[in-house]
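User: I am new to this structure and would like to work through it step by step. Please reason through each answer before stating the result.

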Amino acid sequence: MKYGYFNDKNREYVITNPRTPWPWINYLGNEDFFSLISNSGGGYSFYKDAKFRRLTRYRYNNVPMDDGGKYFYIKDGETIWSPGWKPCRTELDEYECRHGMNYTVISGEKNGIKTSVLYFVPLNTWAEVQKLTISNNSGEKRKIQLFSFVEWCLWNAAADMENFQRNFSTGEVEIADSVVYHKTEYKERRNHYAFYSVNAPVQGFDTDRESFFGLYNGFDHPQTVFDGKPRNSVAHGWSPIASHYIELELNPGESKDLVFVLGYIENSEEEKWESKGVINKRKAREIIDRFDTSQKVDSALDELRNYWDNLLSIFTVDSGDEKLDRIVNIWNQYQCMITFCFSRSASFFESGIGRGMGFRDSNQDLIGFVHQIPGRARERILDIASTQFQDGGCYHQYQPLTKRGNNDIGGGFNDDPLWLILGTTSYIKETGDFGILDEMVAFDNDMSVARTLFDHLTVSFDHVVNNLGPHGLPLIGRADWNDCLNLNCFSNDPNESFQTTENKSEGSKAESVMIAGLFVAYGRDYADLCRRRGREDEAARALNLVAEMVDTIKKFGWDGEWFIRAYDFFGRKVGSNENEEGKIFIESQGWCTMAGIGSDEGMCKKALDSVKERLDCEQGIVLNNPAFTKYIIEYGEISSYPAGYKENAAVFCHNNPWIMIGETVAGNGDRAWEYYRKICPSYLEEISDLHKTEPYVYGQMIAGKDAFRPGEAKNSWLTGTASWNFYAITQFILGIRPDYDGLIVDPCIPGSWKGFKVVRKFRNAVYNIEVLNPNGKSKGITELVVDGERQSSNVIPVFGDNREHSVKVIL
Ligand code: BGC
Ligand code: NOJ
């Protein structure tokens, strides 16, 4: 069953039934000020950091689901309703939610009154703008009472949920004109406040939650709304809110617009106050003035649309399959921007307080984002690298507000350093900007020990070399990419976190074949970069070490039919036919086949066939098989999940593309495509009931064949799945791949495809690429013609001339 439809022309998903199987959300803002918004108006806003600068409150996992948001209540005689259906849940005559590129429009109609709210964060603005349009579609004159509502969060989202003995006494507001200012803690250690305004006179307001709702009422029953009378309450402590009360008279056919602005202001110490105890409102007024008419709001929305037109014109495919085109051209690229902005911090599955910007996560996110805004990718690479340690090791995450590494979700993950090579080389291949390698970059944010970014790549590479185990394979550390394969953890205490509890690494023999594969792949990239920088000796050293690793994998990482996954603390095989459960894992098959390890000896083919036979199922490729059914203390978190979920044999969508790419390296276009299509959300729209999460974005996992309910997805939006699938489809299946000297064209498609077209903007030129497949091939180029000239290789040269170039490819 579907709950809406794609409108590709507007780049929107239009939800027509508010009772979606899970809140289907969107993200507003793409720089500093952000909001999450569900299809019924639930969600919250923050400035830069969802933990430290939370502006409005949200109640995760509440009853009912998705409570707390930017709500409007309409009182029309005795009928009380909300345009997004929630929170009132009054049955609407019409409902529609349109999620677009960083904007959302929610509309409801009841008894001839239609209310439509456009929510977005204008470019370069620390505020969310809400344009509410109310229309009288009935034949008579109507009087309507309108109440707005937001609830302030006391800034630190974690403390806000915990420290009630303090919080209930600190809340402070100011009210002036039609604006409510939230200034809790402004008089002492904070230099920021928030505000919520409307561009019209109000006939009343409320700023105290209890006065607005009544202590024992829910969001669906604000007493003031039911009474039709605001209390004009002024919050002192407890829970401050902001609600405007506006009386409207509408003639038949008449429409009125109101513009609400929810903003965030920082003032310097000298400029904090207007007078004693009265905050300086100058900057707030400036923002309010910028959006005080509908025309100004509409032109800000146009700017946002142009911004997205531009970003989404960099890579477009015309394949003749609308489901593929819409995911590649619109939604997958959009999701890549979102994962770039948020890493794994704030979604409807990530609370915004647990995880900031992940070292490995943010590097991987770059491969789906770097073509969009290379300048921001550049800054991100330098920020990430600045948190690295001198020995190449890493904090697992850093906080977006401070850009400093912290240990809150652990450290010592031995795959982390290698992803910096991927992030950096992807950036240089896109831009040709080798200069980034000469930037001086701190270690652990300490500039006094700074070295070049190139040196950071060297210590990343060497971190593996310096941490090899008994077989010569990389020691796994706390874990590799699979955070839940905790081979040194041995946790028997439910009060411990698998991610941060002390590891037993003394005497550990735990080694990772996945990191070994990663080392081969990115070690080669590192060597290539060395050569291009004239560092022949270093390139040779790196290639020798990579060659040794290839031998080691063939010797100790091969199980006969597939690559083993790891060695445990005691040096016993993990992911081998010898094991009872977890005989085969996806990660090592992915990395070793992508790197083509043992392809001459038939290892890659066998490994990929084993994946097909043992891991593939209707829903996609599961992570391991057989799933673990009992807790294995020497494996840790992976065996704590029920079979078929999360890292224990779910279809983990992040690593499915590793196999897709492995299949393209082996030339199997049909299989690569089959795997791609299986987990791609636009192909799952018809089973939204089962799939549960948004049909326009990937989730981290889909319950696998061993699960109670195979096919159910979770953890949508913030997942490396977004960038890896974009990377797999564009660079390996469609095969348009940025490289240092140009665009490589190397498609690997199903034999039945007749061809496709791609428009790619690359280093200041536009390439109109047409691929034809007259002979039903999957891979291998017969002819490449650029601007009428036949090329001797499959690389389209860099022109950089701001012109369009025609590229004809025959497979
Ligand atoms: C999850 C992993 C995640 C880790 C991060 C685990 O509980 O299963 O997917 O990477 O937490 O902290
Ligand atoms: C999600 C985490 O964000 C990522 O870092 C990790 O690699 C995967 N889970 C697998 O455990």
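User: How far is an oxygen atom of ligand 1 from an N or O atom in the side chain of glutamine 700?

Analyst: The model is a predicted one. Gln700 is among the residues that surround ligand 1. A pair of N or O atoms counts as a polar contact within 3.5 Å. The distance from the side chain of glutamine 700 to an oxygen atom of ligand 1 is 3.4 Å.

User: What share of the accessible area of ligand 1 does the protein cover?

Analyst: Taken on its own, ligand 1 has 310 Å² of accessible area. The part of this covered by the protein is 82%.

User: How many residues of the shell around ligand 1 are charged?

Analyst: The residues surrounding the ligand include Arg355, Asp483, Glu637, Lys646 and Glu647. One of these, glutamate 647, has a side-chain N or O atom 2.5 Å from an oxygen atom of ligand 1. Besides two nonpolar and two polar residues, the shell has a charged group numbering five.

User: Which helix gives the most residues to the largest nonpolar core?

Analyst: This core has 234 residues, and those touching the most other members include Trp419, Trp591 and Trp724. Tryptophan 724 is itself in contact with Trp419 and Trp591, among others. The greatest contribution, 13 residues, comes from the helix spanning residues 513-532, namely H12.

User: How many residues does the other core have, the one lying apart?

Analyst: Its members include Tyr73, Ile80, Phe147 and Val225. This core is separate from the one to which Phe195 and Tyr676 belong. Its number of residues is 12.

Conventions. Residues are numbered from 1 along each chain as its sequence is written. Chains are lettered from A and ligands numbered from 1 in the order in which they are written. This is a predicted model: local features need pLDDT of at least 70, side-chain atom pairs count only at pLDDT 80 or more; totals for chains, interfaces and linings use all residues. Side-chain values use heavy atoms; hydrogens and water are left out. A residue is near a molecule or strand if one of its heavy atoms lies within 4 Å of it. A polar contact is a pair of N or O atoms within 3.5 Å; within protein, one must be able to donate a hydrogen and the other to accept it, and residues adjacent in sequence count only if both atoms are side-chain atoms. Accessible areas come from the Shrake-Rupley method with a 1.4 Å probe; for residues, only the protein chains shown count as cover. Ala, Val, Leu, Ile, Met, Phe, Trp, Tyr, Cys and Pro count as nonpolar, Asp, Glu, Lys and Arg as charged, and the others, Gly among them, as polar. A nonpolar core is a set of buried Ala, Val, Leu, Ile, Met, Phe, Trp, Tyr and Cys residues joined through side-chain atoms within 4.5 Å. Buried means under 20% relative accessible area, exposed over 50%, partly exposed in between (1.4 Å probe, protein chains only). Helices (H or I, at least four residues) and strands (E, at least two) are DSSP runs, numbered from the N terminus. Contact means heavy atoms within 4.5 Å. Lists of a residue's contacts leave out its neighbours within four places in sequence.
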